[in-house]
Amino acid sequence: TADMIRAHGMKPGLWFEPETCAANAEIFRKEEMLLTRDGAVIDTDNRRFLDMRQEAVHAYLEERVIGLLKRCGFEYTKIDYNDCIGVGCDDPDSLGEGLRQNMQGTLRFFRRLREAIPGITIENCSSGGHRLEPSLMAVTDMASFSDAHECAEIPIIAAQLHRVILPAQSQIWAVLQTADSIRRINYSLINTFLGVMCISGDVVHLSAEQWKKVDEGTDFYRQVRHIIRDGVSAFFGELSESWRHPEGWQAVVRTAGNETLAVIHTFGGEIPEQITLPVKADRILRVMSSEGNRMALEGGELKVELKAPFEAIAGNLA
């Protein structure tokens, strides 16, 4: 399979959950290799959890995960963790100390994977699994920042993640559906300007008009990706307390050298007709929007027209 993928000019990748095992796996019944709490194996119906503190577990993963990736020449792997062990696992000191040591074992696994296959791209998935922290991000390439792929609050979460991990490591999914309006397609694409652009959804059935917007978005992204990678972010906006039902607006102004990327989103409720953002720029290079929003520079300030709820505007300035 990996050879066939390569033959078609693509890089093969494989999605793993190496720290968990499902009911039909042999290791599911090897309780001596699994995490326990109060002496009982931690079991969430279809999943149990490998004790990453044990060398025997690492040897098992060396064969089943690292060995498979290496033998078949996979160039990308997504490491996921779609469950929760709860408050912690058995350790003489405390359940919390058991959890900490288990995560140190996971970190050792990531490092071993990097050593064994130096060129592999590692996606550090599961933002709720103690993943978005410096030591794990240092040995991986990117992270799936959230499962809120089709929710209106994606840009809010993505902007806040600038304070935790590098935007150049923060994968943001634009999930595109045939029922989406051009405003929604535009919104989804501009969300990704806050990190690493990823596209999924019902992409093979998008209309010509929808694909035109996708082409515009991917072309714009290529033009500003160096700002996303190398820049420094400043945050502006008037947001409601609820992210699940957001109201107001936000803007992230990211600057690298003499170039700036302004990413603006509106949400529900009352929004101003215009916002003003401080920028260091003399000219507007490019604007992307769905509503024809006007953008103007006046004396070190960027004035942006807002027209509708849940719209997105991006501007590249220099």
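In the predicted model, C198 has a relative accessible area of 8% and is therefore buried. C198 takes part in no disulfide, and the nearest cysteine sulfur, that of C125, lies 11 Å away. A comparable examination was made of C21. Its relative accessibility is 5%, so C21 also counts as buried. The closest cysteine sulfur to that of C21 belongs to C89 and is 14 Å away, which is too far for a bond. The number of disulfides in the model is 0.

The sheet was examined next. An open sheet is built from 6 strands, arranged in the order β1-β6-β7-β8-β9-β10 with parallel pairing. The edges are occupied by β1 (13–16) and β10 (196–201); each has a single partner strand, so one side of each lacks a neighbour in the sheet. On average, and with direction ignored, neighbouring strands of this sheet are turned by 30 degrees against each other. Within the sheet, β6 and β7 are paired in the parallel sense over 4 bridges, and I79 stands opposite N124 in β7.

Helices pack against these strands. Helix α2 (residues 55–72) lies across β1 and β6, and its direction runs at about 175 degrees to β1. Helix α3 also packs on the sheet, where it touches β6 and β7, its direction making about 160 degrees with that of β7.

Helix α3 spans residues 95–116 and contains T106. With a relative accessibility of 0%, T106 falls under the 20% limit and is therefore classed as buried. The side chain of T106 is joined to that of E19 by a polar contact of 2.7 Å. When neighbours within four places in sequence are left aside, the residues in contact with T106 are E19, M52 and R131.

Charged side chains provide further links across the model, with a count of 21 salt bridges. In one of these, E123 is bridged to K78, with the closest N and O atoms 2.6 Å apart. This pair links distant parts of the chain, as E123 belongs to strand β7 (residues 121–124) and K78 to strand β6 (residues 76–79), at a separation of 45 residues. Both partners, E123 and K78, are buried.

Another salt bridge joins the side chains of E153 and R244, at an N to O distance of 2.8 Å. Here the connection is between two loops: E153 is located between β8 (142–144) and α5 (154–160), whereas R244 is located between β11 (232–239) and β12 (248–256), the two residues being 91 residues apart. The partners fall into separate accessibility classes. E153 has a relative accessibility of 7% and so counts as buried, while R244, at 47%, counts as partly exposed.

A salt bridge is also formed between R286 and D219, whose closest N and O atoms are 2.8 Å apart. Because R286 lies in strand β15 (residues 284–288) and D219 in helix α7 (residues 208–230), the pair ties together parts that are 67 residues apart in sequence. The relative accessible area of D219 is 40%, so this residue is partly exposed. In addition, E17, R47 and D83 are joined into one network by salt bridges that share partners.

Technical notes
Residues numbered from 1 in each chain as written. Predicted model: local features only at pLDDT ≥ 70, side-chain atom pairs only at ≥ 80, totals over all residues. Heavy atoms only, no water. Buried < 20%, exposed > 50% of the residue type's maximum accessible area, 1.4 Å probe, protein only. Polar contact = N/O pair within 3.5 Å; in protein donor to acceptor, adjacent residues only side chain to side chain. Contact = heavy atoms within 4.5 Å. Salt bridge = Lys/Arg side-chain N within 4 Å of Asp/Glu carboxyl O. Pairing = 2+ DSSP bridges. Axes fitted to C-alpha atoms, helices over the stretch in contact; angles between N-to-C directions. Disulfide = S-S within 2.5 Å.
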